There are 2 protein chains.
Amino acid sequence: MLRVSRLTDYATVVMTCIAAHPSDVLSTAQIADEARLELPTVSKLLKLLGHAGLVESFRGVNGGYRLARPAEAISLADIVEAMEGPIGMTECSVAQGQCDRQAQCGVSDSWRSVSGAIGGVLRAMTLAQMLAGRPTAPAKDATQVAQANA
Amino acid sequence: MLRVSRLTDYATVVMTCIAAHPSDVLSTAQIADEARLELPTVSKLLKLLGHAGLVESFRGVNGGYRLARPAEAISLADIVEAMEGPIGMTECSVAQGQCDRQAQCGVSDSWRSVSGAIGGVLRAMTLAQMLAGRPTAPAKDATQVAQANA
DNA sequence: TCAATACCGGACCAAAATGGTACTGTTTTC
DNA sequence: GAAAACAGTACCATTTTGGTCCGGTATTGA
C-alpha cells in the first residue's frame with residue numbers, strides 16, 4: 001500500500017502530543033496516556049526521536065521529554081527519517097552502485113526524481129501544521145501542480 | 001525507508017521493457033531475459049499487471065504480453081497501485097473508521113493530505129517519461145513548489 | 001487430431017521485517 | 001539512599017515479502 005510503518009504513524013501522534021504542551025517536560029507515562037498508546041512502545045519511539053535530535057530528554061525525577069526545537073521547525077520528513085532512515089522509494093534511490101543492472105536500467109533516474117519530489121512533500125508539512133489539524137495548503141498545492149502536469 | 005516493495009520496482013522495469021517494443025507481443029521468457037529477472041518472478045508480476053488492466057495477454061503459441069494502452073497513458077501511480085493497492089501513507093488514510101483514536105487524532109487529516117500529494121507526484125510520472133530515462137520536469141516542479149512553501 | 005507453446009490460477013515455503021515486551025543499568029532529585 | 005524516570009539491549013511472535021512450483025487451459029500449426 002506504499003505506507004509508512006505503523007511506528008512512524010505513532011511517532012507523529014506522539015510528536016503532536018508533545019508539541020501541544022510547549023515548554024513542558026512530559027514523562028513517557030503522560031505521553032502514552034495522552035496518545036493512548038502502550039508505554040513501552042512510546043518509550044521506544046521517544047528513544048529514536050531523541051537520537052534524531054527531534055526531542056530533548058531529561059533524566060531523573062520529574063524528567064521526561066520536550067521538543068528540541070519549535071514545532072514550526074520540525075517537518076514530517078524529519079519524523080519519517082528519524083523512524084525509517086533516508087527517504088527513497090527504491091533501494092538504488094538511496095544507495096546506488098550495488099545494482100549490476102544500473103547501467104541499462106533507465107528506471108533508476110525516474111525513481112530518484114520521484115523520491116525527491118516526495119521528500120519535498122514531506123518537508124512541506126510541519127509539525128505545527130499537523131497540530132493545527134487542518135488539511136494544509138502547501139501539500140494541496142503540490143498535488144495540484146503535479147496533477148496539472150500529468 | 002519509506003520505499004515501495006522490490007516487486008513494485010521490478011514491475012516498473014518490466015513495464016519499460018514492454019513499452020520499448022510497442023506493438024510487439026513479448027513472451028514472459030523474452031521479457032525476463034531483457035529485464036534480467038527470474039522468469040517465475042516476471043510471470044507473477046505480469047499476472048498482477050494484467051489484472052490491473054495495464055497489459056494485455058495472449059495465450060497459446062506466439063502468445064505473450066503487450067501494453068493495454070499507450071505508454072503516455074500509463075502512470076507510475078497505475079503501476080504502484082497495481083502492485084500494492086491504493087496509495088495511502090497510513091492505515092486510516094485508506095480505510096477509515098476502524099481506528100478508535102480517530103476522534104481526537106488530529107494527525108489523520110494531515111496524513112491524508114500528504115497521501116494525496118504523493119499520489120499526485122506518482123500520477124505525474126508516465127511510463128513514457130520513464131522510458132525516456134530522463135529526470136523529468138513535472139516531478140521537479142512539484143519538489144520546488146513544496147520546498148518553496150515549507 | 002495432436003503436440004508444442006505459453007498464459008492462468010493457485011498453493012507453498014523460507015527469510016526478513018515489524019511490532020511489541022521485558023529486563024537491567026544509569027542518572028537525577030528529594 | 002530511595003524513588004522516579006530515561007537508556008540500552010535483547011528477545012520473541014507475527015506478518016509480510018520474495019521467490020518457486022505445479023496442474024490446468026487456450027491457441028497455433030503440422
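What is the volume of the largest cavity? The largest cavity has a volume of about 40 Å³. The model is a predicted one, in which local features need pLDDT of at least 70 and side-chain atom pairs count only at pLDDT 80 or more, while totals for chains, interfaces and linings use all residues. Residues are numbered from 1 along each chain as its sequence is written, chains are lettered from A and ligands numbered from 1 in the order in which they are written, and side-chain values use heavy atoms, with hydrogens and water left out.

## The cavity

Rolling a probe the size of a water molecule over the atoms shows where empty space is left. A cavity here is a set of points, on a 1 Å grid over the protein atoms alone, where a 1.4 Å probe fits but cannot get out. Grid points are joined across faces, edges and corners, and a volume is the space filled by probe spheres set on the points. The count by this rule is one cavity of 30 Å³ or more. Lining residues have an atom within 4 Å of a point. For the largest cavity they are Arg3(A), Val4(A), Ser5(A), Arg6(A) and Asp9(A), together with Met89(B), Thr90(B) and Glu91(B). By class, this lining has two nonpolar, two polar and four charged residues. In this division Ala, Val, Leu, Ile, Met, Phe, Trp, Tyr, Cys and Pro count as nonpolar, Asp, Glu, Lys and Arg as charged, and the others, Gly among them, as polar.

## DNA strand D

A residue is near a strand if one of its heavy atoms lies within 4 Å of it. There are 24 residues around DNA strand D, and those that come nearest are Ser57(A), Tyr65(A), Arg6(B), Lys44(B) and Arg59(B). Of the strand D atoms within 4 Å of the protein, 62% belong to sugar or phosphate and the rest to bases. The surface near DNA strand D consists of seven nonpolar, 11 polar and six charged residues.

Some of the polar contacts (pairs of N or O atoms within 3.5 Å) can be named. A phosphate oxygen of DNA strand D lies 2.9 Å from a backbone N or O atom of Thr28(A), and a phosphate oxygen is 2.4 Å from a polar side-chain atom of Tyr65(A). Lys44(B) has a side-chain N or O atom 2.8 Å from a base nitrogen of DNA strand D. The elements giving two or more residues to this surface are helix 3 (39-51), strand 1 (55-58) and strand 2 (64-67) of chain A, and helix 1 (6-19) and helix 3 (39-51) of chain B. Helices (H or I, at least four residues) and strands (E, at least two) are DSSP runs, numbered from the N terminus.

## DNA strand C

DNA strand C is surrounded by 21 residues, the closest being Arg6(A), Lys44(A), Thr28(B), Ser57(B) and Tyr65(B). Sugar or phosphate accounts for 67% of the strand C atoms within 4 Å of the protein, and bases for the rest. The surface near DNA strand C has six nonpolar, nine polar and six charged residues. Helix 1 of chain A gives the most to this surface, with three residues. Three side-chain contacts with DNA strand C follow.

| Residue | Atom of DNA strand C | Distance |
|---|---|---|
| Thr28(B) | phosphate oxygen | 2.9 Å |
| Arg59(B) | sugar or linking oxygen | 3.2 Å |
| Tyr65(B) | phosphate oxygen | 2.4 Å |

## Salt bridges

A salt bridge is a side-chain nitrogen of Lys or Arg within 4 Å of a carboxyl oxygen of Asp or Glu. The structure holds six over all chains. One of them joins Arg66(A) and Glu56(A), with the closest N and O atoms 2.9 Å apart. Arg66(A) lies in strand 2 of chain A and Glu56(A) in strand 1, so the pair ties together parts that are 10 residues apart in sequence.

Asp109(A) and Arg112(A) form a salt bridge at 3.6 Å, N to O. These two are three residues apart in helix 6 (residues 107-124) of chain A, and are therefore separated by about one helical turn. In chain B, Arg69(B) and Asp78(B) meet in a salt bridge at 3.1 Å, N to O.

## Positive phi in chain B

Ser23(B) is not a glycine, yet has a positive phi of about 65°. Ser23(B) is in the loop between helix 1 and helix 2 (28-35) of chain B. Its relative accessibility is 68%, which counts as exposed; buried means under 20% relative accessible area, exposed over 50%, and partly exposed in between (1.4 Å probe, protein chains only). Arg36(B), another residue other than glycine, has a positive phi near 60°. Arg36(B) is in the loop between helix 2 and helix 3 of chain B.

Definitions and conventions
Polar contact = N/O pair within 3.5 Å; in protein donor to acceptor, adjacent residues only side chain to side chain. 1 Å grid on protein atoms, 1.4 Å probe; cavity = no way out; pocket = protein on both sides within 12 Å on 5 of 7 lines; lining within 4 Å.
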